[in-house]
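User: Please take a close look at one helix in this model. I want to know how it is built, what it packs against, and how it fits into the rest of the fold.

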Amino acid sequence: MKQSKQNTPCGVQPPQEWLDTTASIADQLNIRAPSVTMAPAWFMGPNAGQTLPNGRVLVNPKALKLPDDARRYVLAHEIGHVTRWHGKAAFLAFAALVLLYAVNPALCGLVGWTYILAVLAPYGLGDRAEFQADATAADVLGSPYAVIRAQREVIRVMGASVTPQRKRRWERLRAMAQAQTEREQRSISHGQGSEPSGDGAAGE
Ligand SMILES: [Zn+2]
């Protein structure tokens, strides 16, 4: 693994394998590949990847140590945020609060913090957006179990910890995998006994 010793400034291209993986996922999902750049570790915190409101994907220098499958997961997850406009939604919610602040600071404070603390952070945009991004990653990797495996790997490499929210999402991913298996089994027993084609039942 080649890695320069210098600090990684914003806007620097990631190694070629990250660009290649991004291009291959974009091909698979039939979308235009987002631009991917490195961001400083202090900015990224425990996140291996992050998506900006303009749809640009940022990569933590620490994530360059990830093995191939985990790299593919990180990029598929971030691309899931890009294709579902999560960065933009979060930005618009924030902009609406700033606007409300200009109109009525007290009301903004009340509405804003209640919304962010009670709804957005624990249950709303955050958690749901993360699950939707994981669902895109499950499509790309072919299985929700592969997403859970990759996340464990990312958590290990990044030195992060497993949060209750993460555990809840793993439960949902397992349920998703279970439903997938049941659908496949049904299509085998109802089919001609030949191999399931895979995309027949999914109805993309
Ligand atoms: Zn995410």
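Analyst: Start at the end of the helix. Just after α7, G159 has a positive phi of about 70 degrees. The model is a predicted one, and α7 covers residues 144–158.

Length comes next. α7 has 15 residues, which at 1.5 Å a residue should span 21 Å. The end C-alpha atoms of α7 are 21 Å apart, so the expected span and the model agree.

Now the burial pattern. Which residues of α7 are buried? They are P144, V147, A150, Q151, V154 and M158. Viewed down the axis of α7, these buried residues fall within an arc of 110 degrees, so they line one face of the helix.

Two helix partners can be described. Take α8 as one of them, residues 164–190. α7 and α8 pack with their axes 8 Å apart, at an angle of about 150 degrees. Angles over 145 degrees count as roughly antiparallel, and therefore α7 and α8 are roughly antiparallel to each other. On the α7 side the contact is made by P144, Y145, V147 and I148. On the α8 side it is made by W170, L173, R174, M176 and A177. P144 and V147 are also on the list of buried residues in α7.

The other partner is α3, residues 68–83. Here the axes of α3 and α7 are 9 Å apart, and the angle is about 105 degrees. That makes α3 roughly perpendicular to α7, since the range for that label is 65 to 115 degrees. D69, A70, Y73 and V74 of α3 meet V147, A150, E153 and V154 of α7. V147 takes part in the contact with α8 too. V147, A150 and V154 are buried.

These contacts lead into the core. The largest nonpolar core holds 30 residues. V59, Y73, V74, A76, A137, L141 and V154 touch the most other members. The elements that give two or more residues to this core are α1 (16–29), β1 (36–38), β3 (57–59), α3, α6 (125–141) and α7. α3 gives the largest share, seven residues. Y73, V74 and V154 also appear in the α3 and α7 contact.

A76 shows how α3 reaches other parts of the chain. Leaving aside neighbours within four places in sequence, A76 is in contact with I25, T136, A137, V140 and L141.

Step back to the whole protein. Its secondary structure comes to nine helices and three strands. From the N terminus, the elements run α-β-α-β-β-α-α-α-α-α-α-α. Buried residues make up 25% of the 204 residues. Among contacts between residues at least 6 apart in sequence, 62% join residues at least 24 apart.

Two exposed residues give a contrast with the buried face of α7. L92 is in helix α4, residues 86–103. L92 has 12 C-beta neighbours inside 10 Å, so it counts as exposed. The C-alpha atom of L92 is separated by 9.0 Å from that of P53, although these residues are 39 apart along the chain.

N30 sits in the loop between α1 and β1. N30 is exposed, with 6 other C-beta atoms within 10 Å. The backbone of N30 deserves a check. Phi of N30 is near 60 degrees, a positive value in a residue other than glycine. Most residues other than glycine have a negative phi.

Note on methods:
Residues numbered from 1 in each chain as written. Predicted model: local features only at pLDDT ≥ 70, side-chain atom pairs only at ≥ 80, totals over all residues. Core = buried A, V, L, I, M, F, W, Y, C linked by C-beta atoms within 7 Å. Buried ≥ 20, exposed ≤ 12 C-beta atoms within 10 Å, placed from the backbone. Helix = DSSP H or I, 4+ residues; strand = E, 2+ residues; numbered from the N terminus. Contact = placed C-beta atoms within 7 Å. Expected span 1.5 Å × (residues − 1). Arc of directions from axis to C-beta. Axes fitted to C-alpha atoms, helices over the stretch in contact; angles between N-to-C directions. Parallel < 35°, antiparallel > 145°, perpendicular 65-115°, else oblique.
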